[in-house]
Every structure is written in C-alpha cells, then in structure tokens.
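Subject: Structure for your review

Dear colleague,

Please find the structure below, handed over for your own work. My findings follow it.

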Amino acid sequence: MKRVILLALLIAFGGSTAMAQTKLKPVKKAKTEVTSTQKTVKSATDGAGMVFENDTIDYGTINQNAEGKREFVFTNNGNKPLIIESAQGSCGCTVPTKPEGPVAPGAKATIGVKYDTNRVGPFTKTITLKSNAVGQETKLLTIKGTVIATTPAAPGAEPTKS
C-alpha cells in the first residue's frame with residue numbers, strides 16, 4: 001500500500017513539474033543586409049555637431065621612442081560652426097591639439113594626439129574635448145596600445161654590415 005501511494009505521489013509531482021515548464025516559442029531569424037562598409041554621417045544637427053570616424057585609436061604594439069602622433073578625424077554635421085573650446089589629455093604623456101578656429105558646417109577637421117612612447121608597457125589614455133556641439137558638449141576619445149622596450153646596443157659594439 002505504501003508503494004502505491006509513493007508511486008502515485010511521484011507521478012503527481014513529476015506531472016506537475018513537467019506542466020510548470022512553458023513551451024519556448026521559436027525564434028525567427030532576423031534578416032540582416034550590409035549595404036555599405038563605410039560609416040554614414042548622422043543627419044544634420046540643429047546647431048553645431050561632431051561625428052568622429054573613430055572614437056578610439058589603437059596604436060597596436062610599437063617600439064619604445066617610436067613616433068607617437070596620431071589624428072582623430074571628425075565632421076561638423078550641424079548647421080552652425082563648431083568650436084572646440086579645449087582638448088585635455090588624461091595625463092602628461094598624452095598631448096592633444098585642436099583646431100584653432102571654428103569648423104564650418106559640413107567641414108572635416110582633426111584632433112591631433114601625441115603619446116610619449118618612451119614609457120614601456122600597455123597604455124589606455126583618454127582625451128576630453130569640450131565644445132559647443134549640441135547634445136555632446138563633452139566628448140571622450142581613447143588611445144591604446146603597447147610600447148615594447150628596444151634593446152640598446154652593447155657599448156663599443158660596431159654595427160653589422162650586410
């Protein structure tokens with residue numbers, strides 16, 4: 001008798017837990033089409049605006065004391081001149097440069113950045129821009145990479161000729 005009751009409870013419990021599970025609805029796959037590999041410039045902004053080609057520059061792996069200059073390219077997608085008020089690096093090893101005058105609507109300009117590649121190791125630094133751009137008065141740009149040490153030549157060693 002105990003076995004019958006135990007069996008009935010197991011069937012009832014097993015049935016109730018099985019019925020508690022909801023059926024998953026099949027997921028329809030979304031169709032995606034790539035029409036162009038180029039980034040499109042956002043529609044014109046009422047006021048000054050800026051759209052960057054890239055928000056991050058990856059230096060990759062570079063040698064110590066290598067050239068550390070790079071440029072961020074942007075477009076004023078607004079209908080008024082864009083004025084970059086300031087460009088500030090996150091530390092003294094990152095020195096940004098900004099356009100001196102206003103950037104006309106539809107015009108392209110650059111934010112230059114020079115990283116001190118004398119410092120060995122991985123780095124991630126930011127550049128903070130302050131401007132009159134509508135909706136993004138403050139904009140952060142990022143540089144990253146790894147500087148590897150160059151081995152100095154032994155004292156008195158002659159360069160090899162090939």
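I5 counts as partly exposed in this predicted model, because its relative accessibility is 46%, which falls between the limits of 20% and 50%. The residue lies in helix α1, residues 2–20. Together with M1 and L9, I5 makes a nonpolar surface patch of about 380 Å².

Nonpolar residues also gather in the interior. The largest nonpolar core has 24 residues, and those with the most contacts inside it are F52, Y59, F72, F74, L82, L129 and I143. At least two residues of this core come from each of β2, β3, β4 (84–89), β6, β7 and β8 (138–148). The largest share, 4 residues, is supplied by β6. Such an arrangement may be set beside a general tendency: in soluble globular proteins, nonpolar side chains tend to be buried together. As for L129, its contacts beyond four places in sequence include F52, I84, I111 and L141, and also E137 and K139.

A search of the whole structure finds 3 salt bridges.

- E53 and K108 meet through their side chains at 3.3 Å, N to O. E53 is in the loop between β1 (51–52) and β2, whereas K108 is in strand β6, 55 residues apart. E53 is partly exposed at 38% relative accessibility, while K108 is exposed at 58%.
- D55 and K139 form a salt bridge, also with an N to O distance of 3.3 Å. D55 lies in the loop between β1 and β2 and K139 in strand β8, so the pair ties together parts that are 84 residues apart in sequence. D55 is partly exposed at 35%, but K139 counts as buried at 15%.
- D116 and R119 meet in a salt bridge at 3.6 Å, N to O. Both are partly exposed, D116 with a relative accessible area of 31% and R119 with 45%.

D116 deserves a further note. The residue lies in the loop between β6 (108–115) and β7 (121–131), and its side chain reaches the backbone nitrogen of N118 at 3.1 Å. D116 and G92 are 24 residues apart in sequence, and their C-alpha atoms are 8.6 Å apart in space.

The backbone oxygen of N118, in turn, lies 3.1 Å from a polar atom of the side chain of Q64. Q64 is found in the loop between β2 (56–63) and β3 (69–75) and counts as buried, because its relative accessibility of 19% is under 20%. Among the residues that Q64 touches beyond four places in sequence are T117, V120, V147 and I148.

Yours sincerely

Notes. Residues are numbered from 1 along each chain as its sequence is written. This is a predicted model: local features need pLDDT of at least 70, side-chain atom pairs count only at pLDDT 80 or more; totals for chains, interfaces and linings use all residues. Side-chain values use heavy atoms; hydrogens and water are left out. Buried means under 20% relative accessible area, exposed over 50%, partly exposed in between (1.4 Å probe, protein chains only). A polar contact is a pair of N or O atoms within 3.5 Å; within protein, one must be able to donate a hydrogen and the other to accept it, and residues adjacent in sequence count only if both atoms are side-chain atoms. Contact means heavy atoms within 4.5 Å. Patches are made of residues with over 30% relative accessible area and no salt bridge: like charges are joined within 9 Å, nonpolar side chains (Val, Leu, Ile, Met, Phe, Trp, Tyr) within 5 Å. Accessible areas come from the Shrake-Rupley method with a 1.4 Å probe; for residues, only the protein chains shown count as cover. A salt bridge is a side-chain nitrogen of Lys or Arg within 4 Å of a carboxyl oxygen of Asp or Glu. A nonpolar core is a set of buried Ala, Val, Leu, Ile, Met, Phe, Trp, Tyr and Cys residues joined through side-chain atoms within 4.5 Å.
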